[in-house]
Every structure is written in structure tokens, then in C-alpha cells.
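Me: I'd like to learn how to read a protein structure. Could we go through one together?

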Amino acid sequence: MGVVNAKIIGSLPNRSVVEIIAHNALAITDSDYHASQLINLTPYKKFTIIGYSSLNQPVKVLFSLGNTFVNSKFWNGTSWVSSVSSPAIIDGTGDRFLITSQMSYLNNIGLNNIIIQVGCSTAPTSGSVTIKILGVPN
Amino acid sequence: MRQNTLLLAIEWALTQSVDYGDGAIVQVTKNTPCELVDKVREYFNTNSSEYDTFSYDDLLPYL
């Protein structure tokens with residue numbers, strides 16, 4: 001398990017922010033889900049997921065807790081919900097989407113690793129999608 | 001995708017720019033992953049080249 005494309009993008013005294021690129025301008029051509037590498041989150045006390053897309057189809061973004069072969073679920077206050085059935089959906093405007101603001105259950109919890117999956121219901125014919133994680137080191 | 005086509009696509013893409021409106025024009029370079037990938041894809045589409053899902057990381061060895 002390794003950190004994927006991690007680099008320090010800014011720092012303050014006693015604090016820095018590390019950028020991890022989960023999907024680096026991924027030009028999706030099908031309607032399958034595409035999984036990032038396993039991203040090690042243990043070096044970070046906080047993290048934020050940001051996404052933006054120029055794809056000409058909406059793209060679904062969801063998380064997996066270290067294994068794409070079984071469901072990852074969260075508690076919505078009433079029942080368990082699979083991340084697959086409740087993805088963040090971002091459009092191809094190029095706008096920056098703070099994905100963890102929708103997946104608020106990912107805030108303020110400790111995770112050892114995560115996989116970010118992206119996919120479109122209809123195969124896009126142009127554009128790409130980028131997903132980044134900004135981590136605040138421990 | 002064929003390597004020769006990919007090299008041509010990258011060469012063309014690096015001469016392009018992207019107009020985001022309101023005067024925001026981004027010149028495509030090796031350091032603009034989204035714009036580079038989008039333009040490479042545009043080249044493939046324009047030239048009817050077959051290709052599978054790819055990312056900036058797939059282009060890096062050719063930059």
C-alpha cells in the first residue's frame with residue numbers, strides 16, 4: 001500500500017497540506033467504474049476530496065473502504081446505505097466540487113485507506129475527470 | 001491507441017489552448033493535465049482514432 005502521487009502543495013508553520021491525486025485527468029470512454037489505487041490515509045489527521053470534470057456526461061464519485069469487491073456502507077441516520085447507491089455526481093462544467101461536503105460522514109473520522117471510484121452511466125465522448133485528496137498531516 | 005497516433009496527438013495538443021470564457025485562456029502544456037488530456041482526446045475523435053480510457057499518467061512517458 002503506497003501513497004499515490006502525493007506532494008506537498010502548501011505549508012504553514014507546523015502545518016502543511018498534501019495533495020494526493022486519485023484520478024489524474026481520466027478520460028473515461030465507457031460506463032464502467034474506474035478505481036483509484038489504494039490511497040493510504042494514515043499520515044493525515046484530516047482530508048478533503050475535491051473533484052472536477054470536463055466530461056460530457058455526469059460522473060459518479062464514490063468511496064470504497066479498501067476493497068472494491070464488497071460494498072462499503074454508511075449510516076444515514078435511519079439505515080445502512082451502500083456508497084454505490086449514493087454517489088456524489090458532478091457535472092462537466094469544470095467547477096470544483098467539494099465532494100466531502102456531500103459525504104459528510106467521511107469528515108472527522110479516522111480511515112487507514114480508501115479507494116475512490118468514478119464512473120458514468122452513459123459513456124462520455126469527450127473530456128476527463130480529476131479527483132484529488134487534500135490531506136493535513138498528523 | 002497506436003503509439004504513433006498518440007505522439008501526433010500530444011504534439012498537436014501542445015500547440016492548443018483552452019478558452020474558459022471571461023478572458024481565461026489556458027495554454028496547453030505538459031503541466032496542464034486536464035487540458036492536455038482533453039485535447040489529446042479531441043485529436044483522437046477528430047481523426048477517428050480508436051482508444052480506451054486513459055489518463056494523464058498514461059501520457060507521461062511520452063512527454
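Reply: Let's look at the contact between two chains, then at some aromatic rings. This is a predicted model, where local features need pLDDT of at least 70, side-chain atom pairs count only at pLDDT 80 or more, and totals for chains, interfaces and linings use all residues. Residues are numbered from 1 along each chain as its sequence is written, chains are lettered from A and ligands numbered from 1 in the order in which they are written, and side-chain values use heavy atoms, with hydrogens and water left out.

Me: What is the area buried between chain A and chain B?

Reply: Interface size is often given as the accessible area lost when the parts come together. Here that buried area (lost accessible area, 1.4 Å probe, summed over both parts) is about 1,100 Å², and carbon and sulfur atoms give 49% of it. On the chain A side, A:N24, A:A27 and A:T29 lose the most, together 43% of what that side buries. Counting contact as heavy atoms within 4.5 Å, chain A brings 18 residues and chain B 13 residues.

Me: And how are the rings of A:W75 and A:W80 arranged?

Reply: A pair of aromatic rings is described by the distance of the centres and the angle of the planes. Rings of Phe, Tyr and Trp (its six-membered ring) pair with centres within 6.5 Å; planes under 30 degrees apart are stacked, over 60 edge-to-face, the rest tilted. The centres of A:W75 and A:W80 are 5.3 Å apart with planes at 70°, so they're edge-to-face. B:F44 and B:F54 are edge-to-face too, at 5.8 Å and 70°. Together with B:Y51, B:F44 and B:F54 form one aromatic cluster.

Notes. Buried area is the accessible area (1.4 Å probe) that two parts lose on being put together, summed over both.
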